[in-house]
Amino acid sequence: MEIAEIIDAAKRPRHVGPNSFRSPPPPLFSLSLRMERVSHPPLPHFRLHSDPLSSGSLEWRPVSCRACEQERPATYVGPVVAAADLEDALCPWCIADGTAHARFGVEFFDAELVPSAVSSDMLEELLTRTPGFHTWQGIEWPVCCGAPASFLEPVGAEQLRARYREVEGPLIGHLVHDLGMSGGALHALIAALDRDRGPTAYVFRCLACGTLIARIDRP
Ligand SMILES: [Zn+2]
Ligand SMILES: [Zn+2]
């Protein structure tokens, strides 16, 4: 139960009847007890997508997982590349241990958007045991130091400035050199970045050298 619901429930009129005046007042500690009950189990660690809750690919929402056939407290809401209909139907534990892939052949990122330099081991980890993330048209997964960088989150202009200021220079370099952009159009694009409406910047970090890398995609 969410805190707002607990507060709403507390505000609702209690049963009114002949004995209602005998009801003891609600104990003051009930709120904290209830909050303990909604604490969550630890999520699996994904090397190449470190915080899928913040990035929007996982939600604390119960799912009847199609892979392990159990009720699990977190739902994967990112993209699925699969023959079966698995949208919002898998738990993160079955992604992490490969159960979902083994059972359905599902992948969580478009294999064509991974550079060919990535080794087959790392490709398998990225496609079959790492939660994906939604983009607009699809972006190539950046590679640094010979390996896929770890995805952090989608951001707009405000979050880019606040949290990843150091990546702005390299991002402008990427737009100029790789995409041939310049001048006003380039600055307008950076200013228009928006996490939810797009264009959106996707931020990654190299696990070897720590460099931040950003890519842009638009609706
Ligand atoms: Zn599962
Ligand atoms: Zn690197």
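Helices and strands here are DSSP runs, counted from the N terminus, with at least four residues for a helix and at least two for a strand. With that in hand, good morning everyone, and let me show you around this chain. What you see is a predicted model.

Let me start with Trp-136. Where does Trp-136 sit? Its place is the loop that links helix 5, residues 120–128, to strand 5, residues 143–144. Is Trp-136 buried or exposed? Neither label fits: Trp-136 has 14 other C-beta atoms within 10 Å, so it counts as partly exposed. Setting aside neighbours within four places in sequence, the contacts of Trp-136 are Gly-198, Thr-200, Asp-217, Arg-218 and Pro-219. Take Thr-200 from that list: it is 64 residues away along the chain, yet the two C-alpha atoms are 8.4 Å apart.

Now let's step back to the whole chain. There are eight helices and nine strands. Of the 219 residues, 25% are buried. If you take the contacts with a separation of 6 or more, 61% of them join residues 24 or more positions apart.

A word on confidence. The average pLDDT is 87, and 83% of the residues score at least 70. Residues 9–26 are another story: pLDDT stays under 50 there, and the model gives that stretch four contacts beyond four places in sequence. Where pLDDT is low, please don't read the predicted coordinates in detail.

On to the sheet, which you can find towards the C-terminal part of your sequence. Which strands make it up, and in what order? Three strands form an open sheet in the order 7-8-9, and the pairing is antiparallel. Strand 7 and strand 9, the latter being residues 212–217, are at the edges; each has a single partner strand, so one side of each lacks a neighbour in the sheet. From one strand to the next, the twist averages 25°.

As a reminder, strands of a sheet pair through backbone hydrogen bonds, either parallel or antiparallel. Here, strand 7 pairs with strand 8, residues 200–205, through five bridges in the antiparallel sense. If you'd like to trace that pairing on screen, Ser-150 has Arg-205 as its bridge partner in strand 8, and Pro-154 has Tyr-202. On the other side, strand 8 and strand 9 run antiparallel and are joined by six bridges. There you can pick out Val-203 with its bridge partner Ala-214, and Phe-204 opposite Ile-213.

Why do I call strand 7 largely enclosed by the rest of the structure? Strand 7 covers residues 150–155, and five of its six residues are buried, so the description follows. The argument carries over to strand 8: five of its six residues are buried, so strand 8 is largely enclosed too.

The hairpin made by strand 8 and strand 9 has six residues between the strands, and in it Gly-210 takes a positive phi near 85°.

Next, the nonpolar interior. The largest nonpolar core has 20 residues, and those with the most contacts inside it are Cys-65, Tyr-76, Leu-90, Cys-91, Cys-94, Ile-95 and Ala-100. Helix 3, residues 92–96, and helix 5 each contribute at least two residues to this core. There is also a second, separate core of 16 residues, with Ala-149, Phe-151, Val-167 and Ala-214 among them. You have met Ala-214 already, as the bridge partner of Val-203.

Back to Cys-94 for a moment. Not counting residues up to four places away in sequence, Cys-94 touches Cys-65, Ala-67, Cys-68, Thr-99 and Ala-100.

Finally, some backbone details. Most residues other than glycine have a negative phi, and most peptide bonds are trans. So let me point out some spots to look at. The peptide bond from Gly-198 to Pro-199 is cis, with omega near 0°. Pro-199 belongs to the loop between helix 8, residues 183–191, and strand 8. Gly-198, you may recall, is one of the contacts of Trp-136.

Asp-88 is not a glycine, yet its phi is positive, at about 55°. You'll find Asp-88 in the loop between strand 4, residues 75–76, and helix 3. Asp-88 has 13 C-beta neighbours inside 10 Å, so it counts as partly exposed.

Cys-145, likewise not a glycine, has a positive phi of about 50°. This residue sits in the loop between strand 5 and strand 6, residues 147–148. Is Cys-145 buried or exposed? With 11 C-beta neighbours inside 10 Å, Cys-145 counts as exposed.

That's my tour, thank you for listening!

Conventions
Residues numbered from 1 in each chain as written. Chains lettered and ligands numbered in written order. Predicted model: local features only at pLDDT ≥ 70, side-chain atom pairs only at ≥ 80, totals over all residues. Buried ≥ 20, exposed ≤ 12 C-beta atoms within 10 Å, placed from the backbone. Contact = placed C-beta atoms within 7 Å. pLDDT = per-residue confidence, 0-100. Pairing = 2+ DSSP bridges. Core = buried A, V, L, I, M, F, W, Y, C linked by C-beta atoms within 7 Å. Axes fitted to C-alpha atoms, helices over the stretch in contact; angles between N-to-C directions.
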